[in-house]
Amino acid sequence: MASKNVIRAFQDLLGRENVYTEAADRHAYSFDSAVLDPVVPELVLQPTDTESLAGAVRLCNENELPLTVRGAGTNLSGGTLPAREKGVVLLTNSLNRVLEINTEDLYARVEPGVITAQFARAVAEKGLFYPPDPGSQTVSTLGGNVAENAGGLRGLKYGVTKDYVLGLDFFDVDGELIKTGARTVKCATGLNLAQLMVGSEGTLGVFKEIVLKLVPPPAAQQAMLAVFDSVDRASETVSAIIANKILPCTLEFLDNFTIRAVESFRGAGLPTEAGALLLIEVDGHPAQVEEDARKVREICQEMGVTELKVSQSAQEKESVWQARRDALPALARLKPTTVLEDATVPRSKLPAMVRAINDIANRHNLTIGTFGHAGDGNLHPTILTDKRDSEEFERVERAIEEIFDTALELDGTLSGEHGIGMAKSKFMEKEATRGTILYSRRLKQALDPKGILNPGKIMGA
Amino acid sequence: MAELQRLLTLLKELDDQLAGCMKCGMCQAVCPLYAETGREMDVARGKLVLVEHLSSQLLNDPQGVQKRLERCLLCGSCAKACPSGVPVVDIFIKARAIIGEYLGLPPIKKLIFRSLLPRPRLMDGLQRLAAAGQGLFSKKADPILGSSCARFNAPVIRDRHYLPLATTPLHGELGEIDEPAGPGGTKVGFYPGCLVDKIFLDLGRDAIDVLRHRGHGIFVPGEQVCCGIPALSSGDRQGFERLVGRILNQFEDADIDYLITPCATCTATIRTIWPLMAEYLPQREQQRVRRLAEKTRDITEFLAEGLDKASGEPQHGSGEKTGITYHDPCHLQKTLSISQAPRRLIGANSNYDFREMGAPDRCCGMGGSFNLLHYDLSRQVGQKKAEDILATGADTVATACPACMIQLVDQLSRTGKSIRVAHAVQIYAETLPQRAQKEQS
């Protein structure tokens with residue numbers, strides 16, 4: 001337990017009510033959304049302004065208390081689990097002001113605790129568009145999105161969080177303010193530290209303020225639901241659409257198992273015999289949307305689509321998307337524990353990846369439903385299990401490892417959007433070189449000599 | 001030691017339901033408390049982890065867990081939005097009861113739940129005393145709402161704006177009623193709930209008028225017994241069961257087709273919480289509980305079903321319409337999925353112009369005893385609701401739960417904007433022929 005003096009120092013700095021020391025409070029911060037064993041922090045801090053945030057970081061460093069920054073705590077790789085000893089959880093969700101939405105220069109300045117969907121709504125009200133839309137956007141914080149380089153459904157056309165970070169103010173371990181990037185699209189000033197911080201999972205600094213790029217919203221959209229009798233057909237269709245120089249804003253995929261789960265959950269009349277579903281949305285200028293949608297329809301026909309539903313109204317578009325939104329809830333209800341992976345492959349390797357996942361499921365006698373972002377090769381094999389069944393859970397762990405191995409064999413990557421955290425750090429060496437890990441560790445060692453910034457994450461201990 | 005074992009055994013029974021939580025955190029998006037505090041122990045996911053850790057002995061602090069479980073409105077927003085379909089409210093209710101049994105009740109709660117609530121006559125006497133005394137320390141706050149506030153800094157009441165207790169409760173005024181089935185062949189038991197019995201007597205009278213107008217025979221027992229939810233949410237299963245038993249006795253032999261209540265919380269309690277907790281009762285009692293639960297209907301749902309058949313809802317009045325909006329009580333909209341029925345009743349009165357407020361289904365922050373235990377937080381949540389109501393420009397806000405009405409009166413009275421608070425049935429009752437005539441004369 002942190003000494004009384006240290007606790008008093010935190011209380012003086014943050015206010016008594018923002019320092020949690022009681023066991024029942026600390027246990028509420030012992031988990032995130034990853035399927036991992038809980039780790040109970042010794043202290044939980046909830047600063048209400050950025051000045052005391054800096055002070056809290058400094059105090060942690062002075063007292064060698066390892067700190068883990070937490071926004072909404074929806075991390076899927078254990079990145080927000082505290083250190084096993086003397087762990088401090090530092091909450092940024094009270095730092096939730098949108099400081100500026102600049103409609104002339106197309107940027108916004110936000111504090112790290114602003115909730116993604118609330119921000120996107122505020123931006124839309126000003127007639128602009130912030131595209132990154134991770135699955136947890138209704139609760140996730142922008143600070144967490146940047147720290148994890150969060151993706152979403154619009155990756156193929158609009159990119160992911162890193163493509164929207166123009167600038168970043170953050171604190172180093174001494175609570176010193178570091179300013180990097182700018183409010184301009186172009187910036188060639190100094191080391192690109194802002195992008196170094198993107199996806200760093202809280203291991204290199206603590207965010208104070210983020211400058212995000214905004215774009216004009218598309219004027220029109222059209223959504224389609226295409227049914228295929230095989231995954232190969234669906235996947236070839238994805239490749240054909242892109243080969244025809246069309247970039248849909250979303251191109252989502254559901255496998256047969258997921259289709260059946262969604263249908264029994266919602267009963268919206270999905271074809272349960274289908275091998276795969278594609279949900280395709282094109283957006284842009286109305287004329288271009290019409291042209292692109294026509295071409296997509298033709299390509300689908302050529303590729304042997306068995307059923308094609310084109311949304312004519314906002315309501316129909318909703319019903320097309322409902323199937324995708326239902327995917328996770330429908331799967332999650334089948335078994336107590338839901339392990340959501342995000343191994344990603346080049347999109348041309350999608351059929352091979354889906355086949356391999358099915359083989360792995362059969363080999364280990366496990367239930368896996370797969371859906372995800374076909375347009376960018378980012379699949380979500382979702383393993384349905386019960387973690388209380390230790391024998392089955394061992395098979396789950398073997399299956400996960402094999403999914404990683406397959407993704408890497410197919411020139412893919414361990415994580416498309418969930419991050420490495422604790423869950424995947426031991427696999428890092430499979431994808432990167434030993435040198436990469438040592439280089440990362442030396443970098444961290446130089447910036448964080450006492451190793452207090454989210455230790456154990458990404459590059460291991 | 002034996003008690004601890006019993007605590008752990010009972011908690012273990014919740015294990016399967018707890019395991020369904022994938023800790024995705026989507027409950028944060030809808031929890032009215034989390035919106036105010038951003039604290040994980042205030043939202044479903046965090047509380048479920050606390051129960052889980054208590055059950056698995058990772059955390060040995062039943063008091064600490066109890067305290068945090070009680071900081072919850074039991075509004076059910078989380079359960080309704082949960083992607084995995086975790087029955088969050090069921091778990092919380094049971095966990096409160098299990099931990100409450102282990103820790104025992106504080107003396108004041110024991111007095112209220114075990115000695116006062118099950119003794120209606122004693123309650124009536126207390127009510128007379130309190131009603132006689134309340135004028136001494138109250139001053140009028142808002143004439144439209146009929147609200148008052150304390151003259152001086154009073155404990156418990158603090159700076160609340162509240163409605164006066166009636167000197168004679170509704171059941172005292174009505175006496176026992178046992179009419180034969182009406183022309184439609186139905187006989188309904190009317191269960192006003194404590195708040196209607198003691199504070200919103202007009203609502204009770206309106207409800208009975210409408211039921212009679214529809215041709216239903218009415219049964220009202222001579223006494224009002226609490227539905228048990230205040231006891232149970234405080235973790236007192238024994239007190240709860242005693243109250244349930246008394247109500248079962250009251251209505252058992254009355255040969256009613258339906259049990260009608262104008263209180264969303266009472267309806268939800270009898271319909272869902274009674275059967276949930278019946279599993280702890282002997283087989284015979286379980287059947288009695290289920291039989292009455294199945295007969296129980298919310299009054300708006302019951303009346304809306306007959307709306308098309310009802311003869312001559314008068315379309316009177318051609319003058320200026322009054323703006324009205326509607327607040328969805330959590331226990332109606334989230335627990336029982338009833339949201340259209342009350343709106344249809346309001347729509348049947350052409351004197352009103354209906355305007356939907358923003359987020360009509362967001363909890364008002366009342367949460368029964370939550371309001372007593374955590375008044376500041378309750379008020380914070382309630383002020384958002386008041387803002388949404390005011391933004392519609394309506395002069396009247398209707399709802400379908402007397403508990404919400406208490407909160408709306410308090411929060412609106414504070415704004416000083418003189419907005420009327422009514423039950424949807426009261427708006428509908430204004431269309432009854434005798435009322436319409438009275439209004440026109």
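Begin by selecting chain B of this predicted model and drawing its accessible surface, which comes to about 17,500 Å², with 52% of that area belonging to carbon and sulfur atoms. Colouring the charged side chains next brings up 53 positive and 50 negative charges, whose mean positions are 4 Å apart.

Switch chain B to a cartoon, and the secondary structure resolves into 24 helices and twelve strands. If you reduce the chain to its C-alpha trace and align the view with the principal axes, the trace spans about 70 × 50 × 45 Å. The radius of gyration of chain B is 22 Å, which agrees with the value near 22 Å that a compact globule of 441 residues would have. Of those 441 residues, 60% are buried, and among the contacts in chain B with a separation of 6 or more, 76% join residues 24 or more positions apart.

**Helix α5 of chain B**

Now select residues 62-70 of chain B, which form helix α5, a mostly covered element in which seven of the nine residues are buried. To see which ones these are, show B:Pro62, B:Gly64, B:Val65, B:Gln66, B:Arg68, B:Leu69 and B:Glu70 as sticks. What covers these buried residues? Within chain B the cover includes α1 (2-12), α4 (44-55), α7 (88-103), α8 (107-116) and α20 (369-373), and from chain A it includes α2 (23-27). It is worth keeping both chains displayed at this stop, since part of what covers α5(B) comes from α2 of chain A.

**Two further stops in chain B**

Move on to B:Leu195, which lies in helix α11 of chain B, residues 194-198. Is this residue buried or partly exposed? Its relative accessibility is 28%, so B:Leu195 counts as partly exposed. Leaving aside neighbours within four places in sequence, the residues to highlight around B:Leu195 are B:Phe200, B:Pro402, B:Ala403 and B:Ile406, with each of which it is in contact. A distance label drawn from B:Leu195 to B:Leu165, C-alpha to C-alpha, should read 9.2 Å, although the two residues are 30 positions apart in sequence.

Next, centre on B:Val289 in helix α16 of chain B, which runs over residues 283-295. With a relative accessible area of 1%, B:Val289 is buried. Once neighbours within four places in sequence are set aside, the contacts of B:Val289 are with B:Val244, B:Leu248, B:Trp274, B:Pro275, B:Ala278 and B:Leu281. For one of these partners, B:Ala278, the C-alpha atom lies 6.9 Å from that of B:Val289, across a sequence separation of eleven residues.

**Chain A as a whole**

Hide chain B and display chain A, whose cartoon shows 15 helices and 16 strands. The radius of gyration of chain A is 23 Å, close to the 23 Å given by the globule rule for 461 residues, so chain A is as compact as a globular protein of that length. Along the principal axes, the C-alpha atoms of chain A fill a box of roughly 70 × 60 × 40 Å.

Chain A exposes about 18,800 Å², and carbon and sulfur atoms supply 48% of this area. Colouring by charge shows 50 positive and 63 negative charges in chain A, with mean positions 2 Å apart. Buried residues account for 59% of the 461 in this chain, while 71% of its contacts with a separation of 6 or more are between residues 24 or more positions apart.

**Two stops in chain A**

Select A:Thr116, which lies in helix α4 of chain A, residues 116-125. Its relative accessibility is 0%, so A:Thr116 counts as buried. Which side chain makes a polar contact with the side chain of A:Thr116? The partner is A:Ser140, at 2.7 Å. Beyond residues up to four places away in sequence, A:Thr116 touches A:Tyr130, A:Pro132, A:Pro134, A:Gln137, A:Ser140, A:Thr141, A:Leu142 and A:Asn145, a set that can be shown together around the threonine.

Finish at A:Asp326, found in helix α11 of chain A, residues 314-332. This aspartate counts as buried because its relative accessibility is 3%. Not counting residues up to four places away in sequence, A:Asp326 touches A:Val262, A:Phe265 and A:Arg266, so labelled sticks for these residues complete the view of contact partners within 4.5 Å.

Key:
Residues are numbered from 1 along each chain as its sequence is written. Chains are lettered from A and ligands numbered from 1 in the order in which they are written. This is a predicted model: local features need pLDDT of at least 70, side-chain atom pairs count only at pLDDT 80 or more; totals for chains, interfaces and linings use all residues. Side-chain values use heavy atoms; hydrogens and water are left out. Helices (H or I, at least four residues) and strands (E, at least two) are DSSP runs, numbered from the N terminus. The radius of gyration is taken over C-alpha atoms; the globule rule is 2.2 Å times the number of residues to the power 0.38. Buried means under 20% relative accessible area, exposed over 50%, partly exposed in between (1.4 Å probe, protein chains only). Accessible areas come from the Shrake-Rupley method with a 1.4 Å probe; for residues, only the protein chains shown count as cover. Lys and Arg count as positive and Asp and Glu as negative; His and the chain ends are not counted. The place of a charge is taken as NZ of Lys, CZ of Arg, CG of Asp or CD of Glu. A polar contact is a pair of N or O atoms within 3.5 Å; within protein, one must be able to donate a hydrogen and the other to accept it, and residues adjacent in sequence count only if both atoms are side-chain atoms.
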